[in-house]
Amino acid sequence: MSAASEAKDFLSSYDGKKVRIMEVCGTHTHEIFKDGIRQILSPQIDLISGPGCPVCVTPADFIDEAVMLALEKNCTITTFGDLVRVPGSEKSLADARADGAKVNVVYAPQDAVKYAQLHPDEEVVFLSVGFETTVPSECLAVQQAIEKGLKNFSLLTANKTMPEAYLAMKDATDAFLYPGHVHAIIGTSVCEKLRDEYGISGVCAGFTPSELLVALALEVKGLSRGEPFFINAYPRVVREEGSPKAVALTEKYMEPVDVLWRGIGEIKNSGLALREEYSDFDARKKYALPHITGRDNPACRCGEVLQGKCTSEECPLFGKACRPEHPVGACMVSSEGACSAFYLYGRH
Ligand code: SF4
């Protein structure tokens, strides 16, 4: 019997004490749904979708800032596609585009640098929204802009880092399913520190069905033993030291800042913004953006979904007013969002 089959049998027949496991990563959420893993779990195992989708945790303030840059500062916005339909307080970037703004979807920050080089008459802003995994390539884009002498390229940042979020969410779960790609960058010593100093348990997991089943079985077995634990169940990719080159690149250009997470609030030092010496590439400073306090649609329960306080299906708008083709909140827009996963792979 393979390790995955054994894990599957264990997870479906588990009859110990009830356990809660938070999958922090949006890709994990979607893979777990797509692979039908939720359906085989014993009712004693609760899976909670956490705040690991970067678009979902980006508050309305940020969309409002991007809309202001596009419509009032006449900037060309370059962004990954998911952000275009996320509602701001009044408009999304798609609405701004309909009003005449230039909003271009790109597949990498380097595409935005190329665009800026080819269009010297435009002020190009790339929306830098992501976790430790995407920030190094945004730093590389700044490095390229410096090397090319570009004065018309900048970043609007809303990057976030996971370790501070684990601490902020620790009471919402019994253990974390740690995102493999984040820990491929930052390594695993942080997980050992969380275990040793805060009693936080978790397993670092890969993304295939068998890797997820084995990681979940390790979670439940670890929780049954009753002692804080950490297991790296994704050793083919995740090493204790992570990727020192990517970390060094990030540390050269970015520094930790306090940032707002949708639904969770401000978490100290959980963001990454450009260092003062690179402020020429910081769109907030370059275009003197005012402080904006955004307003989310009060009917949307994304904030509670992201904290595991309710499921997407418990939101009264789910599948009715809020659907992927007409999203009310960020969790339905993003390809990594919990509501879109529930909609795509659940009973809808
Ligand atoms: Fe928000 Fe839509 Fe999810 Fe409800 S279903 S929480 S409205 S994104």
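# Exercises on a hairpin, a helix and enclosed space

Strand β11 (residues 254-261) and strand β12 (residues 265-274) run antiparallel to each other and are paired over seven bridges. Here strands (E, at least two residues) and helices (H or I, at least four) are DSSP runs numbered from the N terminus, and two strands pair if DSSP finds at least two bridges between them. The model is predicted, so that local features need pLDDT of at least 70 and side-chain atom pairs count only at pLDDT 80 or more, while totals for chains, interfaces and linings use all residues. Residues are numbered from 1 along each chain as its sequence is written, and side-chain values use heavy atoms, with hydrogens and water left out.

**Exercise 1.** Find which residue of β12 stands opposite E255, and describe the turn that joins β11 and β12.

*Solution.* Begin at E255, which has A273 in β12 opposite. Then follow the chain into the turn: three residues lie between the two strands of this hairpin, and G263 in the turn has a positive phi of about 85°.

**Exercise 2.** Test the span of helix α7 (residues 135-148) against its expected value, and list its buried residues.

*Solution.* The expected span is 1.5 Å times one less than the number of residues. For the 14 residues of α7 this gives 20 Å, and the end C-alpha atoms are 20 Å apart, which agrees. Next, taking buried to mean under 20% relative accessible area (1.4 Å probe, protein chains only), we list V135, P136, E138, C139, A141, V142 and A145. After the helix comes G149, with a positive phi near 70°.

**Exercise 3.** Describe the largest pocket and its lining.

*Solution.* On a 1 Å grid over the protein atoms alone, a pocket is an open set of points with protein on both sides within 12 Å along at least five of seven lines, whereas in a cavity a 1.4 Å probe fits but cannot get out; lining residues have an atom within 4 Å of a point. The volume of the largest pocket is about 470 Å³. Its lining has 20 residues, and E65, V259, L260, R284 and H291 are the closest to its centre. The strand β11 gives the most to this lining, with four residues.

**Exercise 4.** State how many cavities of 30 Å³ or more the structure holds, and describe the largest cavity.

*Solution.* There are two such cavities, and the largest has a volume of about 90 Å³. Among its 14 lining residues, C300, R301, C315, C322 and C339 lie nearest the centre.

Definitions and conventions: Buried < 20%, exposed > 50% of the residue type's maximum accessible area, 1.4 Å probe, protein only. Points joined across faces, edges and corners; volume = space filled by probe spheres on them.
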